[in-house]
Structures are given as structure tokens and as C-alpha cells.
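I opened the notebook to record what I looked up, one topic at a time, with the coordinates beside me.

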Amino acid sequence: MTARHRILQRLRKATRPTSWPAVKPEAAGEASSAQLTEAFRSHLVAAQAEVVITTTTAWPAQVAQLALSRGWRRWLLSSQAEVTQASLACLQAVDEFKLAFFDRDTEELDFDLFTDIDVSLTSTKAAIADTGTLVLWPDATEPRQMSLVPPVHMAVIHASDLYPNLATLMARQAWAKGPLPTNLVLISGPSKTADIQQTLAYGAHGPKTLVVILLTDR
């Protein structure tokens, strides 16, 4: 029997846990909403991300104004996402904006993603305050390319979806019960690398700019 067969045999015999251990409140820290919000914001800012703290009614206009001031004209939106429905009227009202919708096969969109998009707008499954991390749950309507390819990524997150750490998030959202996505995207700032002469550069493998829209009124 080869080493590969022995490993596979052990994996097949292994029993899966019926449940995950609950995270105790004292382990989670029982931080207040304000503390979670500030920790989340400060970690993102330290990682060179931008955070806009606003409300569910005000954010579409603020996003549109920010994009205009930065020269971001070409948008990629999910045709079915809630954030698209909330912001669509405001974005369509700006003549300078060109809106593209994710309503085609991924392979057909790849060229546009690399050449004809300035900014993408996505929703967020949750966020982790301790590390300033966005948790995206890609699916057919909002694939991971939307957050990994365009030079600017805007992500909308409700403050009520902030959790102190990943363990608490997984327990409270009952991830163990499934179903889980084929992949999970964790984002803690703009894309960066220091591979070349140990010099930090942004945007080498993904968005150079990350803008987090934090909604505090839900």
C-alpha cells in the first residue's frame, strides 16, 4: 500500500464532528458595537483601505460623489445583488457613469474586467473586527472576480454584521450546518506585495484601492 492510499484510508475512516464547539462570551470579548466598529475601522485604515461610515439611505449618493471625485466612471455591478438595487437609481442618474452588469458567463466578462472597468461594487457576508477583514461569500451572481480583478473594489457591510473574530462568526452564523460556498474570500486591505526587493507595492495582484462602506443604522 502506498503512502497516498494510507492517507486516503485514514481520511475515509475519520469521523466528522456533529457540531462545532460554541464560542464562550468571555472568549469573544463581548465588545460593544461601538468598540467593534472602531476596531474594524482602525485595522482597515492601518492597512491602507478607506472606510466610509454612513447610513443605509445616504450611502448611494456618497458612493456616487466619491467615484466622481476620483474619476471612477466605469462600474461593474451584480445584476441581482441587494446593493445594486439600493444604489442603481443614484448611479444611473450620473451621466458620466457607465454601468456594466454581471449577467453573462464569467469567461465572456474576463476581458472587460481587465480592460474596461474602474470600480466594482459588492455586498459582504460579514466582517471581522479583530483583523479588519471583510468576509465575502461568492456565488453565481457575485463571483469572486468582482472583488479580485477591478482596480477599485467597493464593499458594503452593515455594522450589525461585525463579529469580534472568525470563530465567533462561524459559530453564530452556524456555518457547520452548511451549505458552504465553494470558496470564501477574506479581504483585509488593498492588494499588496513586497516580492520585488522587499518594497511594498499596491495593486500587483488585485484591487489597488479598497473602499469599505460601513452602514451603522441597522
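Which elements do the buried residues of α4 pack against? I looked this up first, keeping in mind that the model is predicted, and I found β1, β2, α5, β4, β7 and β12 as the partners.

**Entry on α4.** I listed the buried residues of this helix and obtained Trp-59, Pro-60, Val-63, Ala-64, Leu-66 and Ala-67. Looking down the axis of α4, I saw that these buried residues fall within an arc of 165 degrees, so they line one face of the helix. On the other side of α4 I noted Gln-65 and Ser-69, which are exposed. I also checked the length: at 1.5 Å a residue the 12 residues of α4 should span 16 Å, and the end C-alpha atoms are indeed 16 Å apart. Just after the helix, I noted that Gly-71 takes a positive phi of about 80 degrees.

**Entry on the nonpolar cores.** I then turned to the largest nonpolar core, which has 22 residues, and where Trp-59, Trp-72, Trp-75, Leu-121 and Met-154 have the most contacts inside the core. At least two residues of this core come from each of α4 (59-70), β2 (74-78), α5 (82-92), β4 (119-122), β7 (152-158) and β12 (209-215), and α4 gives the most, with 5 residues. Apart from this core I found another, of 18 residues, with Ile-157, Val-185, Ile-187 and Leu-210 among them.

For Trp-75 I went through the contacts, leaving aside neighbours within four places in sequence, and the list includes Val-63 and Ala-67, then Leu-91 and Phe-97, and further Ile-117, Val-119, Leu-121 and Met-154.

**Entry on Phe-97.** Is this residue, Phe-97, buried or exposed? I find that Phe-97 is buried, because its relative accessible area of 9% is under the 20% cut-off. I placed Phe-97 in the loop between α5 and β3 (98-102). With neighbours within four places in sequence again left out, Phe-97 is in contact with Ala-64, Ala-67, Leu-68, Trp-72, Arg-73, Trp-75 and Leu-91. For one of these, Arg-73, I also looked up the backbone separation: the C-alpha atoms of Phe-97 and Arg-73 are 4.7 Å apart, although the two residues are 24 residues apart along the chain.

**Entry on unusual backbone.** Before this search I reminded myself that most residues other than glycine have a negative phi, and that most peptide bonds are trans. Gln-48 has a positive phi of about 75 degrees although it is not a glycine; Gln-48 lies in the loop between α3 (33-46) and β1 (50-54) and, at 48% relative accessibility, counts as partly exposed. Ala-174 likewise has a positive phi, near 55 degrees, and I located Ala-174 in the loop between α8 and β9, where I read a relative accessible area of 28%, making Ala-174 partly exposed. Pro-179 lies in the loop between α8 (166-172) and β9 (185-187), and I noted that a cis peptide bond, with omega about -5 degrees, joins Gly-178 and Pro-179.

**Entry on the sheet.** In what order do the 4 strands of the open sheet come? I read the order as β8-β5-β6-β9, with mixed pairing, and I marked β8 (162-163) and β9 as the edge strands, since each pairs on one side only. Strand β6 (residues 133-136) runs antiparallel to β9, to which 3 bridges join it; in β9, I found Val-185 to be the bridge partner of Leu-136.

Methods
Residues are numbered from 1 along each chain as its sequence is written. This is a predicted model: local features need pLDDT of at least 70, side-chain atom pairs count only at pLDDT 80 or more; totals for chains, interfaces and linings use all residues. Side-chain values use heavy atoms; hydrogens and water are left out. A nonpolar core is a set of buried Ala, Val, Leu, Ile, Met, Phe, Trp, Tyr and Cys residues joined through side-chain atoms within 4.5 Å. Buried means under 20% relative accessible area, exposed over 50%, partly exposed in between (1.4 Å probe, protein chains only). Contact means heavy atoms within 4.5 Å. The expected span of a helix is 1.5 Å times one less than its number of residues. The arc is that of the directions from the helix axis to the C-beta atoms. Two strands pair if DSSP finds at least two bridges between them.
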